[in-house]
Amino acid sequence: YTFNDDVIANNIGFLINCYHLLGRNDLLDPILRGMNFFLISQGGRLQAGWGEQHNMLLKPDHGRSYEPPAFGPGTTFRNVLLLMEFFKLTGDDRFIARIPDAIAWLERIKLPNAQSQGGRYSHPVFVEPGTNKTLYAHRKGSNVINGKYWWDYKDDNPLLHYGAKTKLDLERLKKEYQSLTTLSPQELATMLKNSPLKSSGENNPPTPQELSKKDPYSLIGKIMDLQMLSSSNPAVKTNEEVRQIILSLKNGQYWESRHIQISRPYAILPDGTESNTAKLSNEGGAAITDSSDQIYISTRDYIKNMKSLISYLKAVSN
C-alpha cells in the first residue's frame, strides 16, 4: 500500500473526477473505500502517523533500499490535509476524528534544536516504529555495484539525494482543523452542496481544468497544491528574476547549462550484465558535476525554470 508520491490520493482524485464528469455512480464505492483506507492505516495513538508504504498488515514497511520501515512525518502531514479534504467532500466526521492524534504525534517527534540546523528543519524524514526514534539513511560506495545503503540513529553524513530532514508547518494544520470543527450547520450544508460527490452527472458539468480551480471540487488540484508545500520548492521569483529567466532563453526555445551532474552512459559489459546507469555521485549521494565549460541542454534546469515561471504566473493571477 503506497502513499509515496501520492499514489493512493491521485487514484482517488481521478475516480472523483470520473464519477462527477461521467456520471459513473458505480465509482462512489471505490472512492469511499480509498478514503477509508487512510483511517484504517493510521497508527495508534502514540504513533498516529503513516509510512510512505505499508505492508499487508497495514504496518510501515520497506520501500526502496534506502527507505526503512518507518513512519513518515511528511507523509503524515500530507495525509492530515487530505483527510480534511475528505471531510469537505463527504461531511463525515470520521475523517477528522483522529487528526488531533496525528498533530500531537508530530509535535512530540520534532527535531531537537541542535539538529534543526538553525531552524531550517523541524522534523526527520523517517521515524522508527515502536520507539519514535529518528532514523537516518546512509550510503557507502559510489553506485549500486560497489555500494550499499543502511540506516541508524546518527545524523552525521546523511543520505543527500533523498533528504534526511524536512520542515513542516504544524500551525497550518491546527488552524485548518480548527476552521472545520467550528463550521456552523449552514456553512457545512453549503460546503456539501458544492461537493462533486453530491453532483454526479449533472447537466453541463465543468471541465477538469475548471474543476482544478474550484475548492473543494478537485482533489487532484488539491494534491497539486500539496506538492508545493515541500520546503525544497523555491519561493516565487521576483519580476526581475523572471525577466532574466526569459531573457536567458536561446532562440526562444531552450536554456543552456554548464557544470551539470554527470551521468553514466548505458553499456552492456562483456559478461552480458548492464553497466551501472545511475548518476555519478559521492558516497552521500551528492552529484558529481562537470567542472569544464561544456554547454549542455539540461532537462533538470528546464524543469526548474518552468516551475519558477508557472509559480510566478499562478501568484500574479491570484
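## The loop after helix 5

Let us start with Pro112, which sits in the loop that runs between helix 5 (99–108) and strand 1 (123–124). The model here is a predicted one. With a relative accessible area of 44%, Pro112 is partly exposed. Its C-alpha lies 8.3 Å from the C-alpha of Ser122, a residue ten positions away in sequence.

Ser116 belongs to the loop between helix 5 and strand 1 as well. Is Ser116 buried or exposed? Its relative accessible area is 7%, and because buried means under 20%, Ser116 counts as buried. The side chain of Ser116 also has a partner in the backbone: it reaches the backbone oxygen of Asn113 at 2.9 Å.

## The chain as a whole

Stepping back for a moment, the protein chain contains eleven helices and five strands. It has 318 residues, and 39% of them count as buried. The accessible surface of the chain comes to about 18,000 Å², and carbon and sulfur atoms hold 53% of that surface.

How much of the contact network links residues 24 or more positions apart? Among contacts in the protein chain with a separation of 6 or more, such pairs account for 65%.

## Helix 3 and its partners

Helix 3 is a good place to look at packing, and helix 2 is a convenient partner to begin with. The axes of helix 2 (residues 28–40) and helix 3 (residues 73–90) come within 11 Å and cross at roughly 135°. That angle makes helix 2 oblique to helix 3. The crossing of these two helices is left-handed. On the helix 2 side, the contact is made by Leu32, Met35, Phe38 and Leu39. Helix 3 contributes Asn79, Leu82, Leu83, Phe86, Leu89 and Thr90.

Now turn to helix 5. Helix 3 and helix 5 pack at about 155°, with their axes 10 Å apart. Angles over 145 degrees count as roughly antiparallel, and helix 3 and helix 5 are therefore roughly antiparallel to each other. This crossing, too, is left-handed. Pro73, Thr76, Phe77, Val80, Leu83 and Met84 of helix 3 meet Ile99, Ala102, Trp105 and Leu106 of helix 5. Leu83 is worth finding on screen: it is listed in the contact with helix 2 and again in the contact with helix 5.

## Helix 3 against helix 7

What is the angle between helix 3 and helix 7 (residues 185–193)? They pack at about 90°, with their axes 7 Å apart. That makes helix 3 roughly perpendicular to helix 7.

In this pair, Phe87, Lys88, Leu89 and Thr90 of helix 3 meet Leu188, Met191 and Leu192 of helix 7. Leu89 and Thr90 appear here as well as in the contact with helix 2.

## His54 and the loop between helices 2 and 3

The loop between helix 2 and helix 3 is the place of His54. This histidine is buried, with a relative accessible area of 3%. Which backbone atoms does the side chain of His54 meet? It reaches the backbone nitrogen of Gly51 at 2.8 Å, and one of its polar atoms lies 2.8 Å from the backbone oxygen of Leu58.

His54 has further company once its neighbours within four places in sequence are left aside: it is in contact with Tyr1, Phe3, Ser41, Lys59, Pro60 and Asp61.

## Two positive phi values

Most residues other than glycine have a negative phi. Against that background, two residues deserve a look. Leu58 is not a glycine, yet its phi is positive, at about 70°. Leu58 lies in the loop between helix 2 and helix 3, and its backbone oxygen is the atom that lies 2.8 Å from a polar atom of the His54 side chain. At 23% relative accessibility, Leu58 counts as partly exposed.

Asn132 also has a positive phi without being a glycine, here of about 65°. Where is Asn132 in the chain? Asn132 lies in the loop between strand 2 (126–127) and strand 3 (134–140). Its relative accessible area is 26%, and Asn132 is partly exposed.

Technical notes:
Residues are numbered from 1 along each chain as its sequence is written. This is a predicted model: local features need pLDDT of at least 70, side-chain atom pairs count only at pLDDT 80 or more; totals for chains, interfaces and linings use all residues. Side-chain values use heavy atoms; hydrogens and water are left out. Helices (H or I, at least four residues) and strands (E, at least two) are DSSP runs, numbered from the N terminus. Buried means under 20% relative accessible area, exposed over 50%, partly exposed in between (1.4 Å probe, protein chains only). A polar contact is a pair of N or O atoms within 3.5 Å; within protein, one must be able to donate a hydrogen and the other to accept it, and residues adjacent in sequence count only if both atoms are side-chain atoms. Contact means heavy atoms within 4.5 Å. Accessible areas come from the Shrake-Rupley method with a 1.4 Å probe; for residues, only the protein chains shown count as cover. Axes are lines fitted to C-alpha atoms, for helices over the stretch in contact, and angles run from 0 to 180 degrees between N-to-C directions. Angles under 35 degrees count as roughly parallel, over 145 as roughly antiparallel, 65 to 115 as roughly perpendicular and the rest as oblique. A crossing is left-handed if the near helix is turned anticlockwise from the far one by less than a right angle, and right-handed if clockwise.
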